[in-house]
Amino acid sequence: MIKFIYFVTILFIYSATFVVANPNINIKARTGILIDYHSDEVLFEMDADNQIYPASMTKIMTAIVAIDLIKKDKLSLDDKFIISENAWRLSQAGYSSMFIMINDQVSVENLLKGIIIASGNDACVALAEGIAGSEENFAQIMNEKANEIGMLSTNFTNASGINDPDNISTVRDIAIMSKYLIKNHPDFYEFFKEKTFTWDRTGGEPIKQGNRNPLLYKNIGVDGVKTGYLAVEKYSLASSMKKNERRVIAVVSGFDTKNLRSSESLKLLNWGFRNTNTFEISKINVTNFKIDTWLGKKNKIQAMSKDDYYLTINKKDIRHLSVSINYSGPVKAPIKKGEQIAELEIKKKDVIVKTLPLYAAEDIKKVNFFKSLITSLNYMIWGDV
C-alpha cells in the first residue's frame, strides 16, 4: 500500500479558521466582536470578554426560552397569559413598552412580537410570569440555557435587561446567543427583521412602533438582531448581515450615541465581507470524496466527514489555500460504512489549518477468491489495480 495525496478543488462558496490578528479598522466603542456565522471564526475582536450590561440584548434570550418551549410543544403561539399589575406598571414607567393593559389576556405571539420588535419591557415580564410563574424563576431558565449553549460569562437576573447590576454578559456571549437563535430557530428569527408592530389594546388609540434596530431600514442584508441601551452601558447592538449564503454577526457595546451605534456597526459588518472569504470545505451528507479501493466490488468508495466544516480567511490569503485528501491505499476491502479511510488536510501556505477524518459512506464487500487472485496477478505483472 502507498500513501495517496489528492489535491481537491474547492468552490468559493461564501464571500469569508483564522483570527484577523491586526485588523485595519477602528471602532468607536468600548468592546466588540465580529464572527463568521458558518465557521465561527472571530474576524475582529476588541476586549470581547470584558463584562457588559447587555440591556435589551437580554431579550434575545427571553425570546429563545419561549421559542424553545414552542418547539417542544410545551407552549403555543396561541396561548394567552393574563397581564399582571407588575407587568403593566412597566408600561407606565417610561421604559420601552408594548403598552399592554392590566388583566388583559395577550397571546404568546403578540408578546414575542412586542418584545422583539417594540422592545417591550412590560411584555418581557408578562411572558416570563406566564411561563415560569415569576420573573425570578424565568431568569433561572435563561441561565440554564445560557450555560447549555456556552455563554460562560453571562448571568441573567431578569427578562428585560433593565436596572440590575447583576444582569451581565460579554459581547462574545451575546454573539454565541445570536448564532444559536439564527441557527436553531430560523422561522422565528423572521420576527427580528419585522420593521413595525401595532398594538390596539392599549386603553386608548392603537400604538404603532418601529423596530429599534436602525440597520433594518437600510436594506443592506441586515435582518436582526437587537439593540440595547442603559445609562451605565450606553448604546449597544447585536446585528447580523447576510449576503447570498454568507452571514456575519457583530456585537458591539459602549457607543456614545445612537448614530455611532448605527454607523460603526455597519462599518464593522461591511469590513468583514470586504476583507474575508468563507469556503465550504465539507458538509455532512452532501460533500463526497472518492477514494480508490483494492479487491472491492467497487473500484472507488465515497468518503464523507462527520462534521460540517467551513473555513474563513483573509482575501489576500486565498492563493495560499490548499485542500488535499491523504490516505494509504488503495483501501483494501472489505470496508465497513463509518470506518475511517482517509483524512482531509487544509493548509494555508505550509501551515496545516485543520485535519478532518473522512469515513466510508457505504459498505464495500470483497470480491470472490478467483477474482481476487486475478486482480492480484494483474497487479504483480502489470501494476494494474
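Which residues of α1 are buried? That was my opening question for today's notebook, and I kept in mind that this is a predicted model.

**Entry 1: helix α1**

I went through the helix and listed its buried residues: K59, I60, M61, T62, A63, I64, V65, A66, I67, D68 and I70. That makes eleven of the 13 residues, so α1 is largely enclosed by the rest of the structure. I then checked its length. At 1.5 Å a residue, α1 should span 18 Å, and its end C-alpha atoms are indeed 18 Å apart. Just after the helix I found D73, which has a positive phi, near 60°.

**Entry 2: the nonpolar cores**

Next I looked up the largest nonpolar core and found that it has 62 residues. M61, L112 and V251 have the most contacts inside it. Helix α1 gives the most to this core, with eight residues. I also noted another core, lying apart from it, with 24 residues, including I301, I325, L358 and I364. A reminder to myself: in soluble globular proteins, nonpolar side chains tend to be buried together.

I wanted to know what V251 touches. Leaving aside neighbours within four places in sequence, V251 is in contact with T31, G32, I33, M57, V171, I174, A175, L237 and A238.

**Entry 3: helix α3**

L112 sent me to helix α3, which covers residues 108-116. How many of its nine residues are buried? I counted seven, so I wrote down that α3 is mostly covered. The buried ones are V108, L111, L112, K113, G114, I115 and I116. Then I asked what covers them, and my list includes α1, β4 (80-82), β5 (105-107), α4 (121-132), β6 (196-199) and β8.

**Entry 4: the five-stranded sheet**

I traced an open sheet of five strands in the order β3-β2-β10-β9-β8, with antiparallel pairing. Its edge strands are β3 (42-46) and β8 (222-230), and each of these pairs on one side only. From one strand to the next, the twist averages 5°. I looked more closely at β2 (residues 31-36) and β3: these run antiparallel and are joined by four bridges. On β2, G32 stands opposite M46 in β3.

**Entry 5: helix α8 across the sheet**

Helix α8 (residues 258-275) caught my eye, as it lies across β2, β3, β8, β9 (234-243) and β10 (246-255). I noted that α8 runs at about 35° to β9. This helix has 18 residues and reaches 26 Å from its first C-alpha to its last, close to the 26 Å expected. In α8 I found R261, S262, E264, S265, L266, L268, L269, W271, G272 and F273 buried. These buried residues pack against β2, β3, β8, β9, β10 and β11 (276-282).

**Entry 6: aromatic pairs**

Last, I searched for aromatic pairs and the structure holds four. One of them, F188 with F191, is edge-to-face, with 5.9 Å centre to centre and 80° between the planes. F188 is buried, with a relative accessible area of 10%, and F191 counts as buried at 10% too. Another pair, F197 with W199, is stacked: I noted 6.4 Å centre to centre and 15° between the planes. Are F197 and W199 buried or exposed? F197 counts as buried because its relative accessibility is 7%, under the 20% cut-off. W199 counts as buried as well, at 3% relative accessibility.

Terms used. Residues are numbered from 1 along each chain as its sequence is written. This is a predicted model: local features need pLDDT of at least 70, side-chain atom pairs count only at pLDDT 80 or more; totals for chains, interfaces and linings use all residues. Side-chain values use heavy atoms; hydrogens and water are left out. Two strands pair if DSSP finds at least two bridges between them. Helices (H or I, at least four residues) and strands (E, at least two) are DSSP runs, numbered from the N terminus. Axes are lines fitted to C-alpha atoms, for helices over the stretch in contact, and angles run from 0 to 180 degrees between N-to-C directions. Contact means heavy atoms within 4.5 Å. A nonpolar core is a set of buried Ala, Val, Leu, Ile, Met, Phe, Trp, Tyr and Cys residues joined through side-chain atoms within 4.5 Å. Buried means under 20% relative accessible area, exposed over 50%, partly exposed in between (1.4 Å probe, protein chains only). The expected span of a helix is 1.5 Å times one less than its number of residues. Rings of Phe, Tyr and Trp (its six-membered ring) pair if their centres lie within 6.5 Å; planes under 30 degrees apart count as stacked, over 60 as edge-to-face and the rest as tilted.
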